[in-house]
Amino acid sequence: MATTTTSIGGDGGGGGGGGGGEDRVMATAQQILKSLNTPKEVRDDMLLIFSSFDNRLSNITSLVNSGDSKREGDRFEAAEKVILRWDSGQGASRNSLFWEDAPDEAAEYLSAVDDILHRMDELSIQSDSAKIVERAENAIQIAMSRLEDEFRHMLIRSTVPLDAEHLHGSIRRVSLSFASHEGENSDEFESFADVDRGSGIFHERGVSLGDDLRVDLINPDAVDDLKEIADRMIRSGYERECLNVYISVRRDALDECLVVLGVEKLGIEDIQKIDWKSLDEKMKKWIQAVKVSVRVLLTGEKRLCDYIFSGSDDSEEACFNEIAKGCVRKLLNFAEAIAIGERSVEKLFRILDMYEALAYVLPDLQAMVPDEFVIDEAKGVLSRLGEAAKGTFCEFENAVRSETSKKTMLNAEIHPLARYVMNYLRLLVVYSNTLDELLEGNDDEDSRRLGDDGGENLELETMSPLARRLFSLIASLESNLERKSKLYADDSLQYIFLMNNIQYIVQKVKDSELGKLLGDRWVRKRRGQVRVYATSYLRASWGRLLSFLKEEGTVGSSNSALKLAALKEKFKNFNAGFEELYRVQTGWKVADPQLREELRISISAKALPAYRAFVGRHGSQIENTRHAGRYIKYSSDDLENYLLDLFEGSACVLNHLRRKSSS
């Protein structure tokens, strides 16, 4: 240790020339510290180490600290001048620090704020710096006022308006439509919407968003500057002011986005006054808006909050929560009004669309929004939309059961009720997953009582909740159509009406997802019912006509004149009956081409052999009399051709050119 001390003492040795040697030692130590350019904490540690070698180095601490204080003071003075310059004179007249063509000025200002904050940290541990602390706090207050304004203006200036056209081009729409049919709905069926007229049924389910759909909510060039300002305000203790500005501006921006998306502030009273066509448009816009708001806008807002306030987890959460809350509640208010509003069958599809849209975004909402009250509100509205959908479906079921119009279809064609219900159900099954979920545990009692045999009851038990309700509903429709068939006085026309309508129902089931829900057995049973109606029609319509071809009165008689008269009467009655049947039934309409052809074939198979046999047995007796053409007016080929005119919906009259009578 003595060697070390002598070495440091230098030229004079011992105590001689000690003053000059100490100066050189101090100067050398200071030069070492200065050249290392180390932080103050590290320099203090090194000074302690130097002091342990020689007690003469203990004075260097005060010297170095004195130099540090001077440099810190100079930096503070310069930073303060920058802040004050922008608070008065030329700087104060400038609109913004953050001009794109002058980035150095903004950097200088932010650096000045950093220097003052650093100086305040240094002064906080000194007891004799009250005046400097007051100056620093004043400078920071001025700077924060400036930065708060800059933050607000930059947020407003850099907000990117929502481009609805671009957004619409990025959205996939899902539409459902069915071929049109010139329906004959009338005011008699005003309890049902006019779905089958003109362009047919068309229902746009809403929108489907791609996972990669993103929009810029704020100009990307401004985001880093916003973060720089937010960092300084939070470090300066102005976090609340910063958050208030951000929340206010971004909440207004989201409100503007909702306006662009077509979301209006409507209460239950307003909605009840709106006609259905206008309300349907508003509901469609809401469905798009809720998906875009959560999956695009709020997701984007969350990313912005997380980045701009990344230095403070509490700020990130509080800021986004306040912004999201207002947007979500505006969306939920409309859905709530729809859910508790008046129920009518035409609203069901749109309510289901709204339910599915809200259910679709709810997981994202739960992941983003920490406010449990808001999430509970969303869940409550979703539940009420589900109840509204179930209630509206029940309204539809009741309307089908209780529809009591008395007007008959002119040509026994398909009834508007059947058209409406089946097209309605074809749309409804698209929502089968959602409806199964909503109807679970709420099976209609009627569906449990349906079925006329154990096999059908067993089949019902294996069906989904929606399938059981549809089974019940179509059975109600069939019962209603059965009652309506009784409005026709002609038994034959009753069966044509029932054939037309049951065949229509079967075809609608077969050609859609209804077939999968109801099953092949259901289809086979209804087809069998159509055949039963066809048999009943043949018996009612052709049985009486063919009774004229029976042999009663033409065999076993010894009086040839009476026998001939009886034959003539039979041919005459047959001709008159056939002509009347032809006139009437050419005006009847069997809509399904295959059913129409099968019915004609069945008639031919029943009538032509009987007529051919009767003419074969007795024709020669008539041919040998005067005016034979009055009695045997038609050959079997004639009848076969005339049968092709039946059921076309256009009444015809036979103008038969009678054959010349033989003398």
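Helices (H or I, at least four residues) and strands (E, at least two) are DSSP runs, numbered from the N terminus. The model shown is predicted: local features need pLDDT of at least 70, side-chain atom pairs count only at pLDDT 80 or more, and totals for chains, interfaces and linings use all residues. Residues are numbered from 1 along each chain as its sequence is written, and side-chain values use heavy atoms, with hydrogens and water left out.

**Figure 1. Overview of the protein, with 26 helices and 2 strands.**
Of the 663 residues, 48% are buried (under 20% relative accessible area; exposed is over 50% and partly exposed in between, with a 1.4 Å probe and protein chains only). The protein exposes about 33000 Å², 49% of which is supplied by carbon and sulfur atoms; areas come from the Shrake-Rupley method with a 1.4 Å probe, and for residues only the protein chains shown count as cover. Among contacts (heavy atoms within 4.5 Å) between residues at least 6 apart in sequence, 81% join residues at least 24 apart.

**Figure 2. Close-up of helices H25 and H26.**
H25 spans residues 593–623 and H26 spans residues 636–643. Their axes come within 10 Å and cross at roughly 165°, which makes H25 roughly antiparallel to H26. Axes are lines fitted to C-alpha atoms, for helices over the stretch in contact, and angles run from 0 to 180 degrees between N-to-C directions. Angles under 35 degrees count as roughly parallel, over 145 as roughly antiparallel, 65 to 115 as roughly perpendicular and the rest as oblique. The crossing of H25 and H26 is right-handed (the near helix is turned clockwise from the far one by less than a right angle; anticlockwise would be left-handed). On the H25 side the contact involves Arg600, Ile603, Ser604, Leu608, Tyr611 and Arg612; on the H26 side it involves Ser636, Leu639, Glu640 and Leu643. By class, the residues of this contact comprise 5 nonpolar, 2 polar and 3 charged. Ala, Val, Leu, Ile, Met, Phe, Trp, Tyr, Cys and Pro count as nonpolar, Asp, Glu, Lys and Arg as charged, and the others, Gly among them, as polar.

**Figure 3. Close-up of helices H9 and H12.**
The axes of H9 (residues 220–235) and H12 (residues 276–308) cross at roughly 50° and come within 9 Å. The two helices are therefore oblique to each other. H9 contributes Val223, Asp224, Leu226, Lys227, Ala230 and Asp231 to the contact, and H12 contributes Leu304, Tyr307 and Ile308. These residues divide into 6 nonpolar and 3 charged, with no polar residue.

**Figure 4. Surroundings of Trp286 in helix H12.**
Trp286 counts as buried because its relative accessibility is 2%. Neighbours within four places in sequence aside, Trp286 is in contact with Leu331, Phe334, Ala335, Met354, Ala357 and Leu358. Leu258, 28 residues away in sequence, has its C-alpha atom 9.2 Å from that of Trp286.

**Figure 5. Surroundings of Ser492 in helix H21.**
H21 covers residues 491–510. Ser492 has 4% relative accessibility and so counts as buried. Apart from neighbours within four places in sequence, the contacts of Ser492 are Tyr537, Ala540, Ser541 and Trp588.

**Figure 6. Two non-glycine residues with positive phi, Ala412 and Phe647.**
Ala412 has a phi of about 65° and sits in the loop between helix H15 (372–402) and helix H16 (416–428). With a relative accessible area of 0%, Ala412 is buried. Phe647 lies in the segment after H26, and its phi is near 65°. Phe647 also counts as buried, at 0% relative accessibility.

**Figure 7. Residue pairs separated along the chain: Leu417 and Leu477, Asp270 and Ala337, Glu513 and Leu428.**
Leu417, in helix H16, counts as buried at 2% relative accessibility. Its C-alpha atom is separated by 8.1 Å from that of Leu477, 60 residues apart along the chain. Asp270 belongs to helix H11 (residues 268–273) and is partly exposed, with a relative accessible area of 35%. Between Asp270 and Ala337 the C-alpha to C-alpha distance is 9.1 Å, for 67 residues apart in sequence. Glu513 occupies the loop between H21 and helix H22 (514–518); at a relative accessible area of 42%, Glu513 is partly exposed. The C-alpha atoms of Glu513 and Leu428 are separated by 9.7 Å, and the two residues are 85 residues apart along the chain.
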